[in-house]
Amino acid sequence: MSRFIESIKIEDQKAFLLDLHQKRVNQTFAHFGKEGSIDLAKIFKNLEHDEDGLYKLRIVYDLDKKFTTQLIPYAIPEIENFQLVENNSYDYSFKFEDRKEFERMKAKAKTEEIIVVKNNHITDTSYTNILFLKGKEWFTPTTYLLNGVMRQHLLHEKKIKETEITLQNIKEFSHFQLINAMNDFDDMFIYPIERIVNLPESSDYLDV
């Protein structure tokens, strides 16, 4: 049976974007034909977490409503470099625990992190959605692998916009940043586009 993950930001004893995490869990159960769901707010409350600071609450669950939890101190990582990796067939519409395909792609790359290219379009890194800067506005690709909770939140708040980002127009953007449930908008490292080592004019991207 497939297992799924939710990684929830816990800061100073407060859970963030819990409604969007719950919505995704509910959609997962419904998509696979299962009634009911697991209650994330109840799970967090039962942990009786009373420590300040930044933590990641990692919940692994299956469709029988069995779950395990880990509460892990978290620090936002800085990444040295990125590589474009082509994979036209990978489907990560749900947050599966099985990440072997991401691991396979990363193992073939020569950089710390990958950016997956699907049918000529920019999607996500191995663990985040991406924002790209053009002028003073931030954009996120319409062609995501996983519609992350932070991505949904920032679009709803109108802090970012969606646009088509391809191998042909990626160099129109000057910088990029990574977002996920743990990494908020402008709350992390902002990278120049040149941090992607194989931009289309410099060399062919990796075909895996």
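A pocket here is an open set of grid points with protein on both sides within 12 Å along at least five of seven lines. The structure in question is a predicted model, and its largest pocket holds about 460 Å³ of space. Lining that pocket are 26 residues. Ser7, Lys95, Arg99, Tyr127 and Asn180 are the ones that lie nearest its centre. Several elements give two or more residues to this lining, namely strand 1 (3-11), strand 3 (54-62), strand 7 (121-125) and helix 4 (149-156). Sorted by class, the lining comes out as 13 nonpolar, seven polar and six charged residues.

Next comes the second largest pocket, with a volume of about 150 Å³. Its lining is made up of Arg24, Gln27, Thr28, Ser93, Phe94, Tyr144, Leu145, Leu146, Asn147 and Gln152. Helix 1 (residues 18-31) gives the most here, with three residues. By class, this lining has four nonpolar, five polar and one charged residues.

Arg24, already met in the lining of the second largest pocket, also turns up among the salt bridges. Side chains of opposite charge can pair when their charged atoms come close. In this model the count of salt bridges comes to nine. Arg24 forms one of them with Glu6, and the closest N and O atoms are 2.8 Å apart. Since Arg24 belongs to helix 1 and Glu6 to strand 1, the pair ties together parts that are 18 residues apart in sequence. Are these two partners buried or exposed? With the cut-off for buried set at under 20% relative accessible area, Arg24 is buried at 11%. Glu6 is buried as well, at 1%.

Strand 1 takes part in another such pairing. Glu97 and Arg3 meet through their side chains in a salt bridge, at 2.9 Å from N to O. Glu97 sits in the loop between strand 5 (82-86) and helix 3 (100-108), while Arg3 is in strand 1, so this salt bridge links parts that are 94 residues apart in sequence. Both partners fall between the cut-offs for buried and exposed, which are under 20% and over 50%. Glu97 counts as partly exposed at 25% relative accessibility, and Arg3 counts as partly exposed at 39%.

A further salt bridge joins the side chains of Lys106 and Glu113, at 3.5 Å from N to O. Here the two ends are not alike in exposure: Lys106 is partly exposed, with a relative accessible area of 32%, whereas Glu113 counts as buried at 2%.

That leaves the strands. Strands of a sheet pair through backbone hydrogen bonds, either parallel or antiparallel. Five strands of this model form an open sheet in the order 10-9-8-11-12, and the pairing is mixed. Which strands stand at the edges? They are strand 10 (161-163) and strand 12 (190-192); each has a single partner strand, so one side of each is left without a neighbour in the sheet. On average, neighbouring strands of this sheet are turned by 40° against each other, direction ignored.

At one of those edges, strand 12 pairs with strand 11 (residues 175-179) in the antiparallel sense, over three bridges. Gln177, for its part, has Ile190 of strand 12 as its bridge partner.

Methods: Residues are numbered from 1 along each chain as its sequence is written. This is a predicted model: local features need pLDDT of at least 70, side-chain atom pairs count only at pLDDT 80 or more; totals for chains, interfaces and linings use all residues. Side-chain values use heavy atoms; hydrogens and water are left out. Two strands pair if DSSP finds at least two bridges between them. Helices (H or I, at least four residues) and strands (E, at least two) are DSSP runs, numbered from the N terminus. Axes are lines fitted to C-alpha atoms, for helices over the stretch in contact, and angles run from 0 to 180 degrees between N-to-C directions. On a 1 Å grid over the protein atoms alone, a cavity is a set of points where a 1.4 Å probe fits but cannot get out, and a pocket is an open set with protein on both sides within 12 Å along at least five of seven lines; lining residues have an atom within 4 Å of a point. Grid points are joined across faces, edges and corners, and a volume is the space filled by probe spheres set on the points. Ala, Val, Leu, Ile, Met, Phe, Trp, Tyr, Cys and Pro count as nonpolar, Asp, Glu, Lys and Arg as charged, and the others, Gly among them, as polar. A salt bridge is a side-chain nitrogen of Lys or Arg within 4 Å of a carboxyl oxygen of Asp or Glu. Buried means under 20% relative accessible area, exposed over 50%, partly exposed in between (1.4 Å probe, protein chains only).
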